Amino acid sequence: MHELTEIGRLPAAGDNCAIAIRTLAAGTAVAWGQTTFTLAHTILEGHRFALQPIAAGAPLLSWGFPFGVARKPIAPGDYLCNEAVLAELNGRTLPFALPTAPNFTDQAAVYTFDETNFAPATPLPRSAEARTFQGYPRDGGRGVGTRNQIVLLGVSSLTAAFVRQLEERLRPLAAHHPTFDGIVAVAHTEGSRPGHNHELLLRTLAGFMVHPNVAAVLAVDASGEAITNADLHTYMRDHGYGLEHLPHHFFTRSGTFDVDLERAATIVTDWLTMVAGMTRTAVPLSHLKIALQCGGSDAFSGISGNPLAAWLAKEVLHDGGSANLAETDELVGAEAYALAKVRDAATARRFLHTLARFQAWAAWHGHAATENPSGGNLYRGLYNIYLKSMGAATKRHPDVPLDYVIEYGAPMTEPGFYFMDSPGNDLESIAGQVASGCNLILFITGNGSITNFPFVPTVKIVTTSQRYELLAAEMDVNAGAYLDGKPLDELGRESLDLMVNIASGQPSAGEKAGHAQVQIWRNWPLAGPVQPAISSQPSSLYGRPYSTLPAKNIPTFHYAAWQTPRGPASDQVGLILPTSLCAGQIARMCARQLPATGITRVVALPHTEGCGSSTQVEFVNIMLGYATHPLVRHCLLLEHGCEKTHNAYWRRQMAQAGIDPESFGWASIQLDGGIAAVLSKMATWFASRAVETETPVRIEAGLGAVRLGLVSEARVADTAVTALAKLVQWIVSAGGVVVIPAHDPLLRQPVFLNLLGLPPDTQPSLAFAQQPALAGCHVMQTPSAHWAETLTGVGATGVEVILALMGSQPGATLGSPLPGHPLIPLLQVAEGEAGKITDLDAVLVGPEEAWANQLLDLLRRTLSQTMIPAANRQGNVDFQITRGMFGVSL
């Protein structure tokens with residue numbers, strides 16, 4: 001017999017169900033007050049069981065609020081399960097039997113704001129103790145920095161690779177200056193094309209630039225983006241983001257990649273002595289602006305980690321500081337708690353309006369806030385959005401009033417407790433909080449999220465002692481000590497000391513690991529409600545290639561390839577495929593460190609999906625396409641551990657597609673014990689594959705083995721188009737594959753269509769990222785014209801090289817090609833002047849009738865790996881997964 005306090009926790013005294021603090025075996029006897037009962041099933045850690053009889057139709061209560069309604073009578077000791085949790089658990093391998101059917105339906109109380117009886121909250125009193133931390137006071141009203149860093153800001157996704165490469169070049173310089181916290185790149189996915197997030201993006205970038213942790217900033221744009229340096233500068237001037245006291249430079253790429261790197265490096269290097277001369281000084285704690293953030297939440301987030309963060313935020317607020325709560329969809333169902341103490345009625349109304357607006361926005365795209373909980377949330381006991389929201393809301397201490405409601409990235413101009421509109425996607429939400437001015441992040445995690453931001457320190461608070469022990473190198477605070485019996489005030493004082501020390505310069509666990517990511521709230525496809533006739537893109541089309549006019553006099557063509565079970569392949573790559581956004585940076589770190597044993601190179605494909613976003617068929621096609629790509633010899637899937645699309649999810653997707661999951665490697669950042677442990681596991685797996693698998697033999701392949709992706713930047717001259725059409729004819733007539741995106745300008749040029757015999761209204765033969773079953777000329781469906789998204793989709797079809805015909809206008813286009821693909825060689829060619837120095841792989845000059853042969857020779861050298869395209873050689877590459885027609889951040 002176990003007392004309830006030994007095996008479970010009640011969030012509030014009146015609850016009718018408890019949370020298991022460890023996995024409890026079926027048959028366990030429990031004593032609760034005068035009642036005893038036996039557990040009917042084995043109950044996972046973090047999951048709930050009934051404490052008393054619950055009649056059919058009666059509410060299930062946690063924190064005193066309903067989160068579901070019983071579908072049938074529930075007895076004490078019954079495992080509480082809804083449909084979502086049973087589906088998640090049944091998709092994983094568990095060593096015990098589960099209930100056969102759900103026993104409750106999700107439901108929360110409907111909240112109505114009673115403005116008639118509303119009473120404004122009493123402000124939190126100020127502390128008499130004048131506490132301080134060591135910070136960097138900034139002129140011009142920018143506040144106080146907790147770090148002193150130079151930021152390399154990519155204004156759009158087109159300069160993301162450039163600022164990353166600039167960071168690699170300049171990072172060692174910081175080691176020579178002890179008072180200087182580093183040079184960091186801020187690269188993101190937005191701004192290359194017009195979007196509905198235009199205003200939001202400008203506000204976020206402006207907030208980044210004037211952030212107090214930024215000692216100096218280089219803002220980098222290219223040509224042709226939807227958002228440029230000029231747009232950003234104008235926005236900052238018009239909205240009061242002062243640059244007068246901030247060392248800065250708006251840098252526009254105009255030359256070759258390497259020349260621009262040298263120019264940019266010179267500008268940044270000139271700042272080093274000045275930035276290194278800045279020193280910390282004692283400043284009041286009122287200058288702290290705390291971001292309250294959670295990710296990988298579990299059932300204990302609301303009873304240990306979040307209350308501890310609320311305690312810490314209250315102390316900062318006592319001193320006149322600020323705190324920022326975000327993640328709009330993760331407060332749906334917790335309105336009563338969130339508004340239990342509010343500054344005034346207008347703030348309450350604005351809060352409710354923000355929640356309603358977010359839910360309407362999600363509904364435009366066919367989604368709902370109820371989709372927010374991830375697989376990791378469900379597995380760790382957060383059955384639905386209502387439980388998740390009630391736990392998330394406890395980041396506001398009961399004594400602290402809600403003072404302000406602001407838009408994403410809007411400045412926090414007064415002390416107090418803020419709510420900021422944002423999606424539940426952790427990284428997208430954090431970017432908005434940083435843009436609002438937060439100079440320290442309290443990140444609460446149940447599963448063990450390793451998220452960090454480049455220029456703002458993150459204090460990671462884990463909810464249980466077991467997870468802390470598993471991930472001790474990645475976590476800063478063990479809130480599980482509170483569950484284990486340590487008083488909250490004692491744990492709070494210890495954590496406050498650590499928080500102040502980190503604000504004063506002590507490296508956080510994440511900073512020691514050297515891991516950081518940025519993701520701004522991604523653009524959304526629709527500006528209004530979905531029309532009923534619109535449906536999502538299919539996962540596959542009929543796949544019949546277009547008949548093209550046969551080629552005459554096909555030239556002799558051979559290249560060195562590897563013989564594989566799937567036919568000739570031009571490369572043998574080790575691929576690390578992150579299953580979600582939060583695993584991406586670790587995948588990139590591993591790819592840089594792993595030796596290429598038995599393979600030619602190791603590649604990672606970081607992306608933005610799988611965490612707080614709605615899952616689309618395009619995402620599944622892309623992931624499976626790269627996992628089985630002809631260039632890939634060995635592929636390992638790396639999960640963060642708490643995402644929607646975790647390893648078990650991809651195992652199911654593979655099995656449904658007829659792919660053997662056992663052919664792949666599998667690793668988990670959280671379950672394998674953190675960054676160092678998972679890097680070791682991945683290295684061991686790749687090494688074992690090199691020993692256990694037979695090395696493919698080298699063969700000579702012909703034109704019929706070529707799989708070519710064909711894209712163009714813009715409408716180009718008919719002379720170049722004629723050469724491309726001849727090249728396509730040769731490859732298709734020889735039995736090869738050519739894939740062209742449906743939106744590509746080539747398919748709107750009559751010369752190209754006529755030479756190939758294609759109809760003027762060419763329709764897709766492949767869905768986005770669908771691998772063709774038949775050779776020939778294919779047109780791939782495209783949900784957007786975004787450059788990197790298009791390359792990502794074309795690459796997933798199985799092409800081994802992509803040829804891009806760039807616009808032939810003079811100047812920036814010739815000197816500054818677009819980013820390439822990290823796995824698949826991207827050749828960029830254009831008509832131009834002989835002898836002109838560019839980053840293009842070829843400039844078409846000389847007799848026009850010889851251009852097709854020039855292109856064919858370029859393909860031969862690339863496929864034989866005697867030539868590496870410029871973009872790949874320079875590291876000017878990008879990879880981005882489309883959100884499709886309806887994908888949004890949740």
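In what follows, two residues are in contact, or touch, when they have heavy atoms within 4.5 Å. The structure is a predicted model.

**Exercise 1. The nonpolar cores**

Determine which residues methionine 499 touches, and place methionine 499 within the largest nonpolar core.

*Solution.*
Step 1. Residues up to four places away in sequence are not counted; methionine 499 then touches Leu288, Ile290, Leu312, Val316, Leu440 and Leu442.
Step 2. The largest nonpolar core has 94 residues, and Met499 is listed with Phe49, Phe67, Ile290 and Phe351 as touching the most other members.
Step 3. The element that gives the most to this core is helix 8 (residues 301-318), with eight residues.
Step 4. Another core, of 51 residues, lies apart from this one; Val151, Met236, Trp361 and Cys438 are among its members.
Step 5. As a general background, nonpolar side chains tend to be buried together in soluble globular proteins.

**Exercise 2. A glutamate in helix 8**

Decide whether glutamate 315 is buried or exposed, and name the residues with which glutamate 315 is in contact.

*Solution.*
Step 1. Glutamate 315 belongs to helix 8.
Step 2. The relative accessible area of glutamate 315 is 16%. Buried means under 20%, so glutamate 315 is buried.
Step 3. With neighbours within four places in sequence left aside, the contacts of glutamate 315 are Arg131 and Leu496.

**Exercise 3. Three loop residues**

Classify tryptophan 63, glutamine 865 and proline 125 as buried, partly exposed or exposed.

*Solution.*
Step 1. Tryptophan 63 sits in the loop between strand 7 (59-62) and strand 8 (65-70). Its relative accessible area is 14%, and tryptophan 63 is therefore buried. Although tryptophan 63 is not a glycine, its phi is positive, about 55 degrees.
Step 2. Glutamine 865 sits in the loop between helix 26 and helix 27 (870-874). With a relative accessible area of 34%, glutamine 865 is partly exposed. Glutamine 865 also has a positive phi, of about 65 degrees, without being a glycine.
Step 3. Proline 125 is part of the loop between strand 9 (104-106) and strand 10 (132-138). Its relative accessible area is 51%; the cut-off for exposed is over 50%, so proline 125 is exposed.
Step 4. Proline 125 and leucine 317 are separated by 192 residues in sequence, while their C-alpha atoms are 8.8 Å apart in space.

**Exercise 4. Three helix pairs**

Describe the packing of helix 22 with helix 26, of helix 19 with helix 20, and of helix 18 with helix 21. Two packed helices are described by the angle between their axes and the distance between the axes.

*Solution.*
Step 1. Helix 22 (residues 718-733) packs against helix 26 (residues 851-863) at an angle of about 55 degrees, and their axes are 8 Å apart. The two helices are therefore oblique to each other, and the crossing is right-handed. Helix 22 contributes Thr719, Ala720, Ala723, Leu724, Lys726, Leu727, Trp730 and Ile731 to the contact, and helix 26 contributes Trp851, Ala852, Asn853, Leu855, Leu856 and Leu859. By class, these are eleven nonpolar, two polar and one charged.
Step 2. The axes of helix 19 (617-627) and helix 20 (residues 647-656) come within 11 Å and cross at roughly 80 degrees. Helix 19 and helix 20 are therefore roughly perpendicular to each other. Phe619, Val620, Met623, Leu624 and Ala627 of helix 19 meet Tyr649, Trp650, Gln653 and Met654 of helix 20. The contact has eight nonpolar, one polar and no charged residues.
Step 3. For helix 18 (residues 584-593) and helix 21 (residues 675-692), the axes come within 10 Å and cross at roughly 50 degrees. This angle makes helix 18 oblique to helix 21, and their crossing is right-handed. The contact joins Ile586, Met589, Cys590 and Gln593 of helix 18 to Ile675, Val678, Leu679 and Met682 of helix 21. Seven nonpolar, one polar and no charged residues take part.

**Exercise 5. The surroundings of helix 24**

Establish how many residues of helix 24 are buried, and which elements they pack against.

*Solution.*
Step 1. Helix 24 covers residues 787-796, and ten of its ten residues are buried. Among them are Trp787, Glu789, Leu791 and Val794.
Step 2. These buried residues pack against helix 19, strand 31 (707-712), strand 32 (737-741), strand 33 (776-780), strand 34 (801-805) and strand 35 (826-831).
Step 3. After helix 24 comes glycine 798, with a positive phi near 105 degrees.

Technical notes: Residues are numbered from 1 along each chain as its sequence is written. This is a predicted model: local features need pLDDT of at least 70, side-chain atom pairs count only at pLDDT 80 or more; totals for chains, interfaces and linings use all residues. Side-chain values use heavy atoms; hydrogens and water are left out. Buried means under 20% relative accessible area, exposed over 50%, partly exposed in between (1.4 Å probe, protein chains only). Helices (H or I, at least four residues) and strands (E, at least two) are DSSP runs, numbered from the N terminus. Axes are lines fitted to C-alpha atoms, for helices over the stretch in contact, and angles run from 0 to 180 degrees between N-to-C directions. Angles under 35 degrees count as roughly parallel, over 145 as roughly antiparallel, 65 to 115 as roughly perpendicular and the rest as oblique. A crossing is left-handed if the near helix is turned anticlockwise from the far one by less than a right angle, and right-handed if clockwise. Ala, Val, Leu, Ile, Met, Phe, Trp, Tyr, Cys and Pro count as nonpolar, Asp, Glu, Lys and Arg as charged, and the others, Gly among them, as polar. A nonpolar core is a set of buried Ala, Val, Leu, Ile, Met, Phe, Trp, Tyr and Cys residues joined through side-chain atoms within 4.5 Å.
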